[in-house]
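Here are a few exercises to work through with the model open beside you. Try each task before you read its solution.

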Amino acid sequence: MRRISSGLSWLFLLPLCMPCVAANPRTDALPRTEGQIEVAGLASRVLIDRDDLGIPSITGESLLDVVRAQGFLHGQERFVQMDMTRRLAAGELAALVGPLMLDADRKYRAYRFRSVARRVINRMRPDHRELLRAYTEGVNEGLDDLEALPLEYQFLQSNPQVWKEEDSILVMLMMYDMLQGSARMEGMLGVMREALPEALFTFLTPLRTRFDVPILPDRTRKESSSYKPVAIPGPDVIDVRRRAGNNDQDEAERLVDAKRIDVGPHEMSLGLVDVSEIVIGSNNWAVAGQRSLHGGAILANDMHLALTSPGIWYRAEMNWSNRSVSGLTLPGLPGLITGSNGDVAWGFTNTEGDFQDLIIIEVHPENPDLYRTSDGWRPFEKIIETIKVRGRKAVKLTLRSTMWGIVTSHDYKGRPLVMRWVALMPEAINLNLLDLLEVESLDEAMMTARNLGMPSQNILFADRAGRIGWIVSGYLPQRQGFRGMFSQSWADGTIGWNGKLSEKLRPSLVDPAGGILFTANNRTVDNDNSLLIGHAWASGYRAQRIAELLDSQGLFDERDLLDMQLDTRTKVFDFYRDLILETTPGPPGLPGLPRASDTRLVKVRAIVKSWNGTADIDQPALRLLAAFRRTVHAKLFAPLIQECRRLDENFRYRWSFSEEIVRRILEERPAHLLANQYADWPAFLNSALLDTLDDLARRNPDISLQTPWGKTNRASIGHPMSDLMPQMATALRMPDDPLPGHWSAVRMATPRFGASARMVVSPGREAFGILHMPSGQSGDPLSPHFRDGHDAWVRGLPTSFLPGESVSTLTLVPANRGDGN
């Protein structure tokens with residue numbers, strides 16, 4: 001989460017620079033919205049019409065001119081965001097911010113992303129290179145046209161550097177960094193494999209669950225009904241009763257804390273989010289014409305990312321020749337990320353595949369300058385990187401390079417690790433996403449998607465003819481001799497990456513019989529074939545609910561799909577409600593519990609019994625249920641992973657399918673997995689509930705059990721300077737609105753994480769489409785468009801997919817040709 005905030009919204013950077021605050025910042029750094037501006041490189045006049053929310057409609061004679069104007073707008077309204085993103089990717093933040101960013105720079109400089117970006121540029125298709133050049137020049141023209149520096153540069157007392165073509169690729173590489181992190185699992189899995197019996201390891205890392213709803217091979221989703229639960233290891237494998245002491249309370253508390261994702265003290269103290277469940281992903285679904293009220297295919301997409309101000313996306317409509325496209329753009333890149341071109345609409349969810357492998361480097365036992373290869377010992381190559389530091393001398397960073405890449409980290413045994421990652425392969429990265437701007441059919445879109453050089457996504461398409469399709473995009477590595485779950489040595493030459501997966505094995509589906517498609521970062525293909533792509537998917541909670549909603553109704557329109565995006569049902573907690581009801585009989589209470597308070601337990605029972613099953617803002621039970629679930633998980637897992645902690649004191653168990661394991665244990669309640677300190681399983685549940693109540697009271701003494709969800713799950717979205725200038729907090733922050741939703745609901749919502757936009761559109765019916773996002777169009781807190789789209793996002797209003805009526809027009813004309821022709 002820190003990487004997301006820093007990479008795409010720079011939330012934590014400015015507080016480090018308090019000594020640099022400008023005493024009298026200028027307020028005239030807002031872009032011009034009317035009049036005429038000469039722009040070098042334009043072939044013809046371009047009109048930029050803005051509606052009352054500041055959403056632009058860009059109209060020109062050619063895509064090249066329109067993309068140049070898009071760059072102009074990004075440079076004027078989001079340049080700070082773009083600058084911080086490229087600096088983070090390149091390891092160049094300390095030059096702007098100072099020594100406190102040296103650790104971040106050291107980490108990212110080891111990837112040498114700027115070198116990767118330059119090689120991507122050199123391989124780029126000529127037409128895409130021309131568009132990128134026009135975009136880049138437009139960014140710099142837009143920045144130069146501002147009458148004053150953006151507020152943040154005044155704050156930092158610094159001047160922005162010009163935008164380069166390679167900087168746009170750096171922005172793309174930060175998206176890889178944000179969306180792909182499977183290597184983090186390898187260390188955990190390696191420790192578990194070494195410390196635990198095989199049967200226990202398999203039990204703790206299930207690859208299938210009762211929540212699975214794959215798209216392939218069976219669209220009727222019969223695979224879930226044939227689910228076979230993983231076997232619980234017997235007492236010959238693990239028997240927690242035989243362990244001396246059974247002092248698992250400290251380990252359980254550590255696990256509870258580890259499962260609180262690091263997104264800020266507000267969320268952690270309230271217990272709102274769980275690191276093992278949050279997935280950098282999204283929801284998308286599509287209904288074919290046969291399933292819509294108007295006969296047209298409809299696409300819905302809401303991408304779950306950090307909630308920041310400014311937001312990640314920038315809305316725009318782009319018109320040229322006979323083409324009109326509209327949707328979400330990413331500041332720093334030309335073209336459209338998601339949206340519709342009138343013939344085809346598209347939307348993304350993160351694949352959650354495995355696109356990283358950590359290679360263990362075998363160092364010569366007597367000469368640390370040598371490492372083993374299949375051809376014998378080879379010397380490490382040294383690369384010297386210079387990191388500039390504001391206010392100090394530059395720092396030299398020495399990197400060790402191998403035939404597989406640069407050493408970026410070490411494992412728990414101290415062995416060097418090299419990361420093999422799609423993002424470090426220039427041949428896997430391109431700007432082919434630009435081609436979607438002009439595709440005219442589902443078949444053309446599906447073919448284009450096979451060649452997209454971007455972070456792998458589940459792409460859903462809907463076309464004007466009423467057809468829908470799904471495909472897994474991006475470079476899919478072909479592994480040879482291993483699955484990629486654990487860090488391994490590649491020194492003997494028998495394992496490694498052998499190009500990319502055959503296109504015949506790329507998952508896809510066109511024109512499903514039922515007329516619906518959906519993904520939610522879950523496993524989308526059968527278990528065996530899914531292992532070709534990855535092994536740690538998001539749990540199927542959201543996907544199951546989406547399937548249920550799609551199956552419950554025959555025909556849909558755009559508003560129906562928005563209502564689905566706003567659905568707050570959280571079925572995962574039904575199980576924990578029932579456990580609490582089991583362990584808290586009605587009055588007069590529970591006799592024989594030494595720490596029990598009858599009054600307290602009676603209140604708990606009444607609260608959970610009245611829960612309506614949703615994450616609506618008026619529901620007090622959800623906070624209690626979430627905390628109880630977290631405690632149960634921690635208490636169950638603590639004795640099972642004790643040997644992992646002995647092997648690696650920094651071990652953290654995080655598996656997205658952990659719910660399946662807990663369900664299996666509490667359904668069968670085997671005696672050998674119950675610690676001696678508990679008389680029976682009801683006593684275990686009683687202890688977990690009482691610990692939960694004590695923990696909630698200790699962390700939040702001012703919040704009662706009856707406090708509704710909306711009082712604790714409140715938006716915490718603001719400009720970074722709001723923390724430094726509390727007297728201006730109201731102007732710099734979004735309102736702290738109560739947010740319905742939860743990480744397990746279709747409506748994903750935590751104070752700082754959730755739907756970065758909600759889009760519903762039918763190609764050819766864009767006028768009836770819906771699109772809204774948090775915050776506003778502008779990144780400038782002094783702009784009237786800093787927050788003016790936010791309320792619609794909070795309330796889930798069906799705001800128009802297309803820009804509204806023009807309230808201002810800016811004309812860009814070729815330089816030295818003031819007649820506008």
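**Exercise 1: Strands and their sheet**

Task: In this predicted model, find how strand E2 is joined to strand E27, then place the pair in its sheet.

Solution:
- Begin with the pair itself: E2 covers residues 46–50 and E27 covers residues 808–814, and five bridges hold these antiparallel strands together.
- Pick out one bridge: Asp 49 has Thr 809 as its partner in E27.
- Now widen the view to the open sheet of 11 strands, whose order is E1-E27-E2-E3-E6-E7-E8-E9-E17-E18-E22, with mixed pairing.
- At the edges sit E1 (35–39) and E22 (508–510), each paired on one side only.
- Neighbouring strands in this sheet are turned against each other by 20° on average, direction ignored.

**Exercise 2: A proline in a loop**

Task: Is Pro 455 buried or exposed, and which residues is Pro 455 in contact with beyond its neighbours within four places in sequence?

Solution:
- Locate Pro 455 in the loop between helix H15 (442–449) and strand E17 (457–463).
- Check its accessibility: the relative value is 5%, and the cut-off for buried is under 20%, so Pro 455 counts as buried.
- List the contacts outside those neighbours: Met 175, Tyr 176, Leu 179, Gln 180 and Ser 473.
- Add one distance: the C-alpha atoms of Pro 455 and Gly 474 lie 5.9 Å apart, with their positions 19 residues apart along the chain.

**Exercise 3: Salt bridges across the chain**

Task: The whole structure holds 52 salt bridges; follow three of them and say where their partners sit.

Solution:
- As background, oppositely charged side chains can pair when their charged atoms come close.
- Take Arg 32 and Asp 145, whose closest N and O atoms are 2.5 Å apart. Arg 32 is in the loop between helix H1 (2–9) and E1, while Asp 145 belongs to helix H7, 113 residues away. Arg 32 is partly exposed at 34%, whereas Asp 145 is buried at 18%.
- Go on to Glu 166 and Arg 118, with an N to O distance of 3.1 Å. This salt bridge links helix H9 to helix H6, its partners being 48 residues apart. Glu 166 is buried at 12%, and Arg 118 is partly exposed at 42%.
- Finish with Arg 523 and Asp 212, at 2.8 Å from N to O. Their positions are 311 residues apart, each in a loop, and both residues are buried.
- Lastly, look for shared partners: one network joins Asp 83, Arg 86, Arg 87, Glu 92, Arg 114, Arg 118, Glu 166 and Asp 167.

Notes: Residues are numbered from 1 along each chain as its sequence is written. This is a predicted model: local features need pLDDT of at least 70, side-chain atom pairs count only at pLDDT 80 or more; totals for chains, interfaces and linings use all residues. Side-chain values use heavy atoms; hydrogens and water are left out. Two strands pair if DSSP finds at least two bridges between them. Helices (H or I, at least four residues) and strands (E, at least two) are DSSP runs, numbered from the N terminus. Axes are lines fitted to C-alpha atoms, for helices over the stretch in contact, and angles run from 0 to 180 degrees between N-to-C directions. Buried means under 20% relative accessible area, exposed over 50%, partly exposed in between (1.4 Å probe, protein chains only). A salt bridge is a side-chain nitrogen of Lys or Arg within 4 Å of a carboxyl oxygen of Asp or Glu.
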